[in-house]
Amino acid sequence: MAKARTEFVCQNCGAKYMRWQGQCRECGEWNTIVETVPEPVAAPGRAVAARALGGFAGAAGSGIRKLSSVSAVRTQRLPSGYREFDRVLGGGIVPGSVVLIGGNPGAGKSTLLLQTVCQLSQRQPVLYITGEESLEQVALRAERLRLPADQVSIAAETSIETICALAAQHKPTVLVVDSIQVMHVNGVESAPGSVSQVRESAAALTQFAKKSGVAVFLVGHVTKDGTLAGPKILEHCVDCSIFLSSGNDPRFRTLRCQKNRFGAVNEIGVFAMTDSGLREVKNPSAIFLNRQPVTAPGSLAMVVWEGTRPLLVELQALVDASPYGNPRRLSVGTDQNRLSMLLSVLHRHAGLQLADQDVFINVVGGIRVEETAADVPLCLALLSSFREKAIDRRTIAFGEIGLTGEVRPVASGQERISEAFKQGFTRFIVPRDNAPRHAEPGMEIHAISRITELNSLI
Ligand code: TYD
Ligand code: MG
């Protein structure tokens, strides 16, 4: 008898190999390659949606047309009931879209989606499929969180065929599938959670969403090392991929969009995890600030722009004599290369010699700052730590620094200043071109145009 042909598939990214190896060459993960029997070429998942919807003619096979002749119907977005969630989705739920919600176990994915469907169910039909928890567990949680659950349709199901059939029959506007990793499609041999099952399940649900106009939310788990099982496969086929994470402060959860076909990806939504479920934080600008009564040298607050709103974050720097010949430069939450560049600019244009010092930078609260507006606060924090002189705790700074030592303006300067002033900051170190023309009473504005001017402000 001929030996059954097998192949080796990376369970992280789906790359295929002829023989086993320890590390996947595609995604670099270790021990993710598993021997599997190849699936038949005709992918079973793709036909599921068509069967459930009774042979509905999809977009395929419509021939060539001019793009302008295709009528783009502006579909109304559904508000999810949570402004923070809508903001991340780009202004609400788009009918027919597929949204993947990823996160660590215990991040609150099930809680967030249960709260959302309960809110939505007041106005439209919804269907919640739970594959991991029993109906009783979900009911218990809804009861404990005092959610309006009387209009929520729910089923405990793990078969994609049944889910599509249920949804086709029930006609919800929103379908939640918790989670994609426990779902299976008939005809796919491998176990739920494997690359082929996840891929086929997601493909079937995507097709179902596109053909029926139902908005589908998929819950996706994150493996130990922080990647979604089968992330590349899932991220390709969904319209929107959102990550729910908890930063350093366990009370807060941030929703961050990694891919969005219907909006910007730089918005974040902030929730607080309380004993009565997730609550929106409507004005999160100051939650990442550490309001200690005394500031230590090297610490400073800055205003960064996240999506469409300002966020106040604390930046810390530590400059310390290096015991070795090769000093360390380490930054957590900001760009390492930018730090090296700023150290050179500080040396050349502000006379700060740090060649024999270790330099560490940390953005408090697990926030990642990509903006160049962090340049001025970074230099101030470095100067403050090096000279062991604390900066007045009512000080806030922002601004970009160029290679010639000039301080450049950044976008939305006025809004940054107003937000910081609202939060009680009164001393502003800002680029000259961002300085307000008429400072409000109580504001102390230091408008700077060269990096050397920072020396006199510490
Ligand atoms: P859950 O939604 O089950 O997480 P996921 O589906 O992402 O794995 O959330 C579980 C966590 O949330 C759990 O660790 C406890 C916390 N939690 C609260 O603090 N308060 C609450 O009211 C609820 C429902 C959960
Ligand atoms: Mg869950």
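This passage looks at the chain as a whole and then at one helix, α3, and its contact with α4.

The model is a predicted one. Its chain runs to 458 residues, and 50% of them count as buried. Counting up the secondary structure gives 10 helices and 21 strands. Laid along the principal axes, the C-alpha atoms take up a box of roughly 80 × 55 × 50 Å. Links between distant parts of the sequence are easy to find: of the contacts between residues at least 6 apart, 67% connect residues at least 24 apart.

Helix α3 covers residues 109–120. With 12 residues at 1.5 Å each, α3 ought to span 16 Å, and that agrees with the 16 Å between its end C-alpha atoms. Burial is the next thing to look at. Of those 12 residues, 11 are buried, so the rest of the structure largely encloses α3. The buried set starts with the run K109, S110, T111, L112, L113, L114, Q115, T116, V117 and C118, and L120 completes it.

Then there is the partner helix. A pair of packed helices can be described by how far apart their axes are and by the angle between them. Here the partner is α4, residues 135–144, whose axis comes within 11 Å of the α3 axis and crosses it at roughly 70 degrees. That angle falls between 65 and 115 degrees, which makes α3 roughly perpendicular to α4. As for handedness, the crossing is right-handed. On the α3 side the contact involves S110, T111 and L114, which meet V138, R141 and A142 of α4. Sorted by class, that contact comes to three nonpolar residues, two polar and one charged.

Notes. Residues numbered from 1 in each chain as written. Chains lettered and ligands numbered in written order. Predicted model: local features only at pLDDT ≥ 70, side-chain atom pairs only at ≥ 80, totals over all residues. Heavy atoms only, no water. Axes fitted to C-alpha atoms, helices over the stretch in contact; angles between N-to-C directions. Helix = DSSP H or I, 4+ residues; strand = E, 2+ residues; numbered from the N terminus. Parallel < 35°, antiparallel > 145°, perpendicular 65-115°, else oblique. Left-handed = near helix turned anticlockwise from the far one by under 90°. Contact = heavy atoms within 4.5 Å. Nonpolar A, V, L, I, M, F, W, Y, C, P; charged D, E, K, R; others polar. Expected span 1.5 Å × (residues − 1). Buried < 20%, exposed > 50% of the residue type's maximum accessible area, 1.4 Å probe, protein only.
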